[in-house]
Amino acid sequence: MKIYNTLTKHVDEFIPHNKDLVTMYTCGPTVYHYAHIGNLRTYIFEDVLEKTLNYLGYNVKRAMNITDVGHLTSDSDSGEDKMLKGAKREHKTVLDIANFYTEAFKKDTEKLNIKWPEIVSKATDNIDEYLKIINALIKKGYAYQSGGNVYFDTSKLTDYYQLTNHKIDEMVVGVRKGVEEDKAKKNQADFALWFTKSKFDDQELKWDSPFGLGYPGWHIECSGISLKYLGENLDIHCGGIDNIFPHHTNEIAQSESYLGHKWCNYWIHGEHLNDETGKMSKSKGDFLTVNLLEEKGYNPIAYRFMCLNTSYRKVLVFSYDALDKATTTYNKLKNKVLALKPSSLLEEEKYKEYDDKFKEYISNDLNTSNAITLIYEVLKSNLNDSTKYELIKSWDKVLSLDLTTLESNNIDIDEEYIQKQIDLRNKAKQEKNYQLADQIRNDLAAKGIILKDTREATIYEINTNISHN
């Protein structure tokens, strides 16, 4: 396995601390709103990484946090807590907001075939762990109390910016957006480990601590949860590139100062999903969610397919035209796979030859684009249908595109959903958007739902002739 490591700035051979167990941590969502599909692109690549490691024979233990307190709207320990912002917006408690959007996030991951991590822990469930780390950092001289808060002293480190290309003078107040003067800090690069009521009197969630009634900073949460569940030697830490600074930079600083040794060997980051105006964000007002894609008649797995056709390290520009093309291509591919009639014996030598090639692609910095191209190569080959089918079924353990799954075979037909899709298709035809109308028809066909246009109305029937379950 070779993977691009942000820490070393090149593709490294992956060597875990323990060959029998790979530890992997992924930064979870701040659950103050729905996740937009740009957020979810990161979780798709992390899902592929975990499944790739499993496919290559590694046993993976993965943990993820749920940030339900402490994530501020600024890089410089200023602005309101995002959770409080969400609670004010919807006139609910912070915990109500957290529970609702955690469940919404989980549903989104299910729709995108993203495996829920083995360990998922809320930030608010680990206060004692943060306090233990903060106390140790103060005793070691890496942290200090000032203005009612506890800060990490970045001047104590010679390699604070090891994960980035930042220079100290770039952090001067006014040079970079989000860098504001905080007179309580010794150095403007210092970051908060614990906030007290002296700074945010209206914060809803607070805990007793040796430093006063308050709540943890965002960065300490991931360090605490990772150390608690995955131990002192972490193999892989993932996130989006916007996590590199300051979040992951600060995690390294506090974790390695606390431990006294190197903490994590591989830092892996996914690039942004941009729209045609730039980076997607919730601050733009209406933003793209999985639910919105569904309302427009798209299958969420077509979006996953779109993501996997580009390297996770390249910026992906979203447009409905691009998603339309991905949907059409995905439906055609799935229909070709479902048309296979496996009935022969497996061609074992050829199976291994192609499977080795698949492993070569995915183990080379998660080259999912080549892996998908290999599926087309197999379909065009002279392999018998059983070998083709078993190869694709096996590879889909990593790609998770439902290529061999006929959803209607489960068979609990959602008539309301089907009628909604028919209505969307009829509207598209009225607006002469025939491409979208065809996509909706093809998407339903991939699920075994065949549409028939009659003089009176569009009806459907279930295709029971194709079944590989």
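**Figure 1. Cys222, a buried cysteine in a predicted model.** Cys222 has just 1% relative accessibility, so this residue counts as buried. Keep in mind that the whole picture here is a predicted model. What does a search of the whole structure find in the way of disulfides? It turns up 0 of them. Cys222 is in no disulfide, and the nearest cysteine sulfur, that of Cys27, sits 3.8 Å away. A pair of sulfurs has to be within 2.5 Å to count, which means a gap of 3.8 Å doesn't make the cut. As a reminder, a disulfide is a covalent bond linking the sulfur atoms of two cysteines. Cys307 is another buried one, with 4% relative accessibility.

**Figure 2. Thr6 and its neighbours.** Look for Thr6 in the loop between β1 (2-5) and β2 (10-13). Is Thr6 buried or exposed? At 8% relative accessibility, Thr6 counts as buried. Leaving aside residues up to four places away in sequence, Thr6 touches Leu163, Ile244, Trp267 and His269. With His269 there's also a polar contact of 2.7 Å between the two side chains. Now try Ile241: Thr6 and Ile241 are 235 residues apart in sequence, yet their C-alpha atoms are 9.4 Å apart in space.

**Figure 3. Strand β5 and its two faces.** Side chains in a regular strand alternate between the two faces of the sheet. You can follow that pattern along β5 (residues 119-122): Ile119 and Ser121 point to one face and are buried, while Val120 and Lys122 point to the other and aren't. Strand β4 (residues 60-66) pairs with β5 in the parallel sense, over 4 bridges. Opposite Ile119 in β5 you'll find Ala63.

Definitions and conventions: Residues numbered from 1 in each chain as written. Predicted model: local features only at pLDDT ≥ 70, side-chain atom pairs only at ≥ 80, totals over all residues. Heavy atoms only, no water. Buried < 20%, exposed > 50% of the residue type's maximum accessible area, 1.4 Å probe, protein only. Contact = heavy atoms within 4.5 Å. Polar contact = N/O pair within 3.5 Å; in protein donor to acceptor, adjacent residues only side chain to side chain. Pairing = 2+ DSSP bridges.
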